[in-house]
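Okay, thanks for coming, everyone. Let's put the model up on the screen and walk through it together.

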Amino acid sequence: MAQGKAPRTVVTRKLPDIVETRMAELFDVRFNASDVPMTKNELCAAVAECDVFVPTVTDDVDADVIAAAGPDLKLIANFGVGVDHIDLAAARARNIPVTNTPGVLTEDTADMVMALIIAVPRRLAEGEKQVRAGSWKGWAPTGMLGHRVNGKRLGIIGMGRIGRAVAQRARGFGIEVHYHNRHRLPDPVEEELGATFRDDLDTMLTDIDILSINCPYTRATHHLLDERRLSLLGSEVYVINAARGEIIDEQALANALNAGKIAGAGLDVYEDEPRICADLLDLDNVVLLPHLGSATFEGREAMGDRVITNIRVWADGHRPPDQVLEGWA
Ligand code: DGY
């Protein structure tokens, strides 16, 4: 890119107006007004002719797309924190840095996890459906009983920003927090969160009441919760996932739920979005949300700000602040 020229930028999905307006002031940018996700051919054509590419979680930026990048593509500035949809190794091989938007969707996503932690055991979605269907007959001593969350044991897989924000909230609800993570947190952080480190994931799964998945999706976490690990959970356990669908074997989860081997699930993400395993759809003990974790006006605007900052810092010749580190995947 010639010094001083606005970077030619392609954005794959419709972003909030305020973000698009600011981007249009700063960059030579092509938006996707229709918001229809691009086909693979369209993605390949887009990366062939821009300096900066701004994809989202709905774009599969695989090795073919990276291979189609033109000589000018010098930055992939993802609108979102997860970068599992981008082939980082292929980008690295072409010397194209990838950035994301960490930190700005932590609180919103943790709120959504907490909402599911309450909604599933307390049967909120089921109750709401009953009211709307006109089948509610009024209060009854034994009507629609669920399970108390206060005093229960929560196991968190992945104690990054979001996992820690979930732990903080859970503590406020009187829930005992256990966590499994690649690295143990420093003592003062563990103390502040009141969280107990569990080195062995399998053992943690055998003695919790609620499981929350909050780790990134990588090769190492693909189907981390497979049929075997699901079988370690007791029939009273609830599974919550607002991270990435591929971390759970969705069919195995549906089978376990159908067989009553686990108590329920709250899901915001799926293996093959927007397709959802048909065996989950009819279950009453499952709350299914449409990938809403970061869906607040404030969060999406802040994500846009981070994208803009990354592009501007890169265009000024510096390392963008949110460059995804090697070894992420
Ligand atoms: C992310 O940022 O990774 C979310 O899943 C999409 O907003």
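Let me start with a question: how many residue pairs are in polar contact across the interface of domain 1 and domain 2? The rule finds 3 such pairs, with both residues at pLDDT 80 or more. And yes, pLDDT, since what you're looking at is a predicted model.

Let me back up and say what those domains are. The domain assignment gives domain 1 as two stretches, 8–104 and 296–328, and domain 2 as 106–288. If you take the C-alpha centres of domain 1 and domain 2, they sit 31 Å apart.

So what does the interface look like? On the domain 1 side, 9 residues are in contact, and they meet 7 residues of domain 2. The area buried between domain 1 and domain 2 comes to about 720 Å², and carbon and sulfur atoms give 47% of that.

Now for the charged groups. Between domain 1 and domain 2 the count is 1 salt bridge. Have a look at Arg-244 and Asp-84: they form a salt bridge, with their closest N and O atoms 3.0 Å apart. As for the side of domain 1 that touches domain 2, its residues split into 4 nonpolar, 4 polar and 1 charged.

Okay, moving on to the cysteines. How many disulfides does the structure hold? The answer is 0. Why is Cys-215 not bonded to Cys-277? Well, Cys-277 has the closest cysteine sulfur to that of Cys-215, but the two are 20 Å apart, which is too far for a bond. A disulfide would need the sulfurs within 2.5 Å. Looking from the other end, Cys-277 is in no disulfide either, and its nearest cysteine sulfur is the one in Cys-215.

And are these cysteines buried or exposed? Cys-215 counts as buried because its relative accessibility is 9%. Cys-277 is at 5% relative accessibility, so Cys-277 counts as buried too. The cut-off there is under 20%.

That's my tour, so over to you for questions.

Conventions: Residues are numbered from 1 along each chain as its sequence is written. This is a predicted model: local features need pLDDT of at least 70, side-chain atom pairs count only at pLDDT 80 or more; totals for chains, interfaces and linings use all residues. Side-chain values use heavy atoms; hydrogens and water are left out. Buried means under 20% relative accessible area, exposed over 50%, partly exposed in between (1.4 Å probe, protein chains only). Domain bounds come from an automatic or database domain assignment. Contact means heavy atoms within 4.5 Å. Buried area is the accessible area (1.4 Å probe) that two parts lose on being put together, summed over both. A salt bridge is a side-chain nitrogen of Lys or Arg within 4 Å of a carboxyl oxygen of Asp or Glu. A polar contact is a pair of N or O atoms within 3.5 Å; within protein, one must be able to donate a hydrogen and the other to accept it, and residues adjacent in sequence count only if both atoms are side-chain atoms. Ala, Val, Leu, Ile, Met, Phe, Trp, Tyr, Cys and Pro count as nonpolar, Asp, Glu, Lys and Arg as charged, and the others, Gly among them, as polar.
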